[in-house]
Structures are given as structure tokens and as C-alpha cells.
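Open the model in your viewer and keep the sequence panel visible. The stops below tell you what to select and what to look for.

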Amino acid sequence: MAGLSHHLVSGVGVIVLALVHLWGNRLRFLDRAPRSIWLSASGGVSVAYVFLHLLPELDRGHHMLQRAQPMGLDLSAYLLAMAGLTVFYGVERLACGHQRRHAAAGDPQLEHPEPSTRVVFALHVGAFALYNWIIGVVLVQRDEVGLVKTSLFTLALAMHFLVNDYGLRAHYRQLYHGRGRWLLAGSAVAGWLAGATMEVPELALQSGVALLAGGIIMNVMKEELPTERESRFGAFAAGVAGYGLLLWLAR
């Protein structure tokens, strides 16, 4: 019964995450400068989640990977987290460079995407699809079960998805609205289905969490730190403090 209830709660959670991608474009109040307080607060929640929950979990995963030593490999969760950060930094730089070239050519909104744009779009959204798939698996395979903890996990990731969705729409406009958001929503659900129907080895799960940690850190920082974002520090700090308090109360 406990397994059934966890599947139910995590199933609702993954639907919420999918809907963030599908309906995020309807939140018009996010498209403003200075940056919407909701986006900055969402970034703060994501940071609190990483440092207060994901990094401690990464440390536990690191010790498990060190004990496992599969096929003589010296696996490190921290090395995998660095790899996750590096991959997402790479695809972000590729997307930004391509967008600048379009702006110089007089098509800053990517209204007439050429084949190279579609290749960059496929790489960028493909990386996020893998990211979302891992999140879907982790959501249903997590050791911590229960309505409160799963809800807090879903809240943090929903707000993080909101920030990711905003960034991808800014890069690709209609390309992302037309198919990218559906791919990301579907990949989160597909990950949940994979995790719900098969037993994922603990080694693979911890490796996925490590890659995820690096990706989340990179994606939060690239949305909050650049000066052109005109981010709201007060809202960011409130997101950090508010979610940190919720995690403390849920201990």
C-alpha cells in the first residue's frame, strides 16, 4: 500500500512538472524587466534545494559509488556533477553564440530558423530532455516517501522548470513553443514511467542524481547571475530562506 501511495503522489508530481512546461508560456507576468520577482524567487528555491537537499544526497551517493567500484572504475559523484555542469554550460554557450549571430543578421527572434538553428535547438532541448527524464526517474525511485517530502521535491523542481522553460523560450521562441515544451513534458513523464515499472540500480540512480546536481547548479546560476537579467536579489533571497525553512520544518 505504501508503494502504491508513493506511486500515486509521485505520479501527481510528475504531471505538475509536465504542466509547467506546457502552460509556462501563459504566465505573461514573467516577461518583464527588471526580472519578474517570481523567476528570481524560483531561482532561490532551486538554490536552496541544491545546497540543503541535493548536495547532502550527492555526498551519500559519492560514498556509495566509491564502495561499488564497478568494473574497477573509480567513480566519483563530484566528478559526475562537474560533468553535468560542464555539459549544460557547453550547450548554453552554443545556443547564446548562435542567437548572437542571428541578431547580427537581423533575425533576433529566430522567426525564420535555418537548418543550423534546428541542430542547435535539438542539442539544447535534447540535453534538457535527458535532464527531465532523470528527474522523472528520481521522483518515483527516491528513498524518501510521503506526501510532504514528495510535495517539497515537486515544488522545488516545478519552480526550477519554470526558470528553465523561460530561458529556452527566450532562446528559441516558436521552435520551443511548437515542439520543445512537449518533448520536455513528455520526457519527465517517460522517466517517471521507467522508474515506476522497473528497478533502477542504485549505482545508476546515484550517478543520475550527481549529473542532475551539476546541471541544476549551472542552470540556476546562468539565469540569475548575468547583469542583463536584472535579477531581484530580495526575491531570490526570499526563495532561498522560504524553501530552506520548509525543508527544516519537514525534517
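Select N164. In this predicted model, N164 has a relative accessibility of 3%. The cut-off for buried is under 20%, so N164 counts as buried. The residue sits in helix α5. Now show what surrounds N164: beyond its neighbours within four places in sequence, the residues in contact with N164 are F128, Y131 and N219.

**The whole chain**

Zoom out and colour by secondary structure. How many helices and how many strands are there in the chain? The chain has eight helices and zero strands, and its pattern along the sequence reads α-α-α-α-α-α-α-α. Of the 251 residues in the chain, 50% are buried. Taking the contacts with a separation of 6 or more, 83% join residues 24 or more positions apart.

**Helices α5 and α6**

Select residues 147–172 for α5 and residues 174–197 for α6. Two packed helices are described by the angle between their axes and the distance between the axes. Here the axes come within 8 Å and cross at roughly 145°. The crossing of α5 past α6 is right-handed. Which residues make the contact? From α5, show D165, L168, R169 and Y172; from α6, show Q174, L175, Y176 and L184. Sorted by class, this contact of α5 with α6 has five nonpolar residues, two charged and one polar.

**I135 in helix α4**

Move to residues 115–141, which form helix α4, and pick out I135 there. Is I135 buried or exposed? I135 counts as buried because its relative accessibility is 0%. Leaving aside neighbours within four places in sequence, display its contacts: L17, L157, F161 and L212. Then draw a distance from the C-alpha atom of I135 to that of G195; it should read 9.9 Å, although the two residues are 60 residues apart along the chain.

**V200 in a loop**

Next, select V200, which lies in the loop between α6 and α7. With a relative accessible area of 15%, V200 is buried. Its contacts, apart from neighbours within four places in sequence, are V137, Q141, G195 and L205. One of these, Q141, is 59 residues from V200 along the chain, and their C-alpha atoms are separated by 7.7 Å.

**Helix α8**

Finish with residues 233–249, helix α8. What span should its 17 residues have at 1.5 Å a residue? The expected value is 24 Å, and the end C-alpha atoms are 24 Å apart, so the two agree.

Colour A235, F236, G239, Y243, G244 and L247, the buried residues of α8. Look down the axis of α8: these buried residues fall within an arc of 165°, so they line one face of the helix. An α-helix has 3.6 residues a turn, so residues three or four places apart point the same way. Now turn to the face of α8 directed away from the buried side, where the exposed residues F233, G234, A241 and L249 are found.

The last selection is A238, also in α8. A238 has a relative accessible area of 46%, which means that it is partly exposed. Draw a C-alpha to C-alpha distance from A238 to S40: the two are 9.1 Å apart in space and 198 residues apart in sequence.

Definitions and conventions
Residues numbered from 1 in each chain as written. Predicted model: local features only at pLDDT ≥ 70, side-chain atom pairs only at ≥ 80, totals over all residues. Heavy atoms only, no water. Axes fitted to C-alpha atoms, helices over the stretch in contact; angles between N-to-C directions. Helix = DSSP H or I, 4+ residues; strand = E, 2+ residues; numbered from the N terminus. Left-handed = near helix turned anticlockwise from the far one by under 90°. Contact = heavy atoms within 4.5 Å. Nonpolar A, V, L, I, M, F, W, Y, C, P; charged D, E, K, R; others polar. Expected span 1.5 Å × (residues − 1). Buried < 20%, exposed > 50% of the residue type's maximum accessible area, 1.4 Å probe, protein only. Arc of directions from axis to C-beta.
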